[in-house]
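Please open the model in your viewer and keep the sequence panel beside it, since each stop below begins with something to select.

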Amino acid sequence: MKNKMQELFQAIQESPEYRSYLNIGSVIEQDDEIVSLVNEIKSLQQKSVELEYHHDEGYKEIDKEIDKKVADLNSRPIYQEYLRRMNEFNNILAESSNQIEKYVNSKV
């Protein structure tokens, strides 16, 4: 069973979809504007959560700023391609998981 799982993981790692996802991820990591924008969004999200936790209405303004930055990020073609490839790979993982679950359930 362990060998079969290793074979499955190896097949996934060698799949064109996974390699494509990794390649575009590397491109994204090299884009200073996108990296900076993602980091700004994460920082703002943390600030917003903290303010909301402390019942500070200021989180609403920060959420508006987050929405603008997310819209900017999502408008970038290279980021759109990254999301497309990520979703494609995630769909393959989900389908693989579904097939494994069906197989296990049929044997139980």
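In this predicted model, begin by selecting the loop between α3 (32-53) and α4 (59-74), where you will find His55. Which sign does phi take at His55, positive or negative? Although His55 is not a glycine, its phi is positive, at about 60 degrees. Most residues other than glycine have a negative phi. Now display the surface around this residue: His55 counts as exposed, because its relative accessibility is 70%, and the cut-off for that class is over 50%.

Next, colour the whole chain by secondary structure, which shows five helices and zero strands, so that the pattern read along the sequence is α-α-α-α-α.

With the C-alpha trace alone on display, turn the protein along its principal axes, where the trace spans about 55 × 35 × 20 Å. The radius of gyration is 19 Å, whereas a compact globule of 108 residues would have one near 13 Å.

Then switch to a surface view of the entire protein, which exposes about 8300 Å², with carbon and sulfur atoms supplying 51% of that area. How many of the 108 residues, as a percentage, count as buried? The share that counts as buried is 19%.

If you draw the contacts between residues at least 6 apart in sequence, 65% of them join residues at least 24 apart.

As a last selection, pick out the charges of the protein, 14 positive and 21 negative, whose mean positions lie 6 Å apart.

Key. Residues numbered from 1 in each chain as written. Predicted model: local features only at pLDDT ≥ 70, side-chain atom pairs only at ≥ 80, totals over all residues. Heavy atoms only, no water. Helix = DSSP H or I, 4+ residues; strand = E, 2+ residues; numbered from the N terminus. Rg over C-alpha atoms; globule rule 2.2 N^0.38 Å. Buried < 20%, exposed > 50% of the residue type's maximum accessible area, 1.4 Å probe, protein only. Contact = heavy atoms within 4.5 Å. Areas by Shrake-Rupley, 256 points an atom, 1.4 Å probe, with all protein chains shown as cover. Lys, Arg positive; Asp, Glu negative; His and termini not counted. Charge placed at Lys NZ, Arg CZ, Asp CG, Glu CD.
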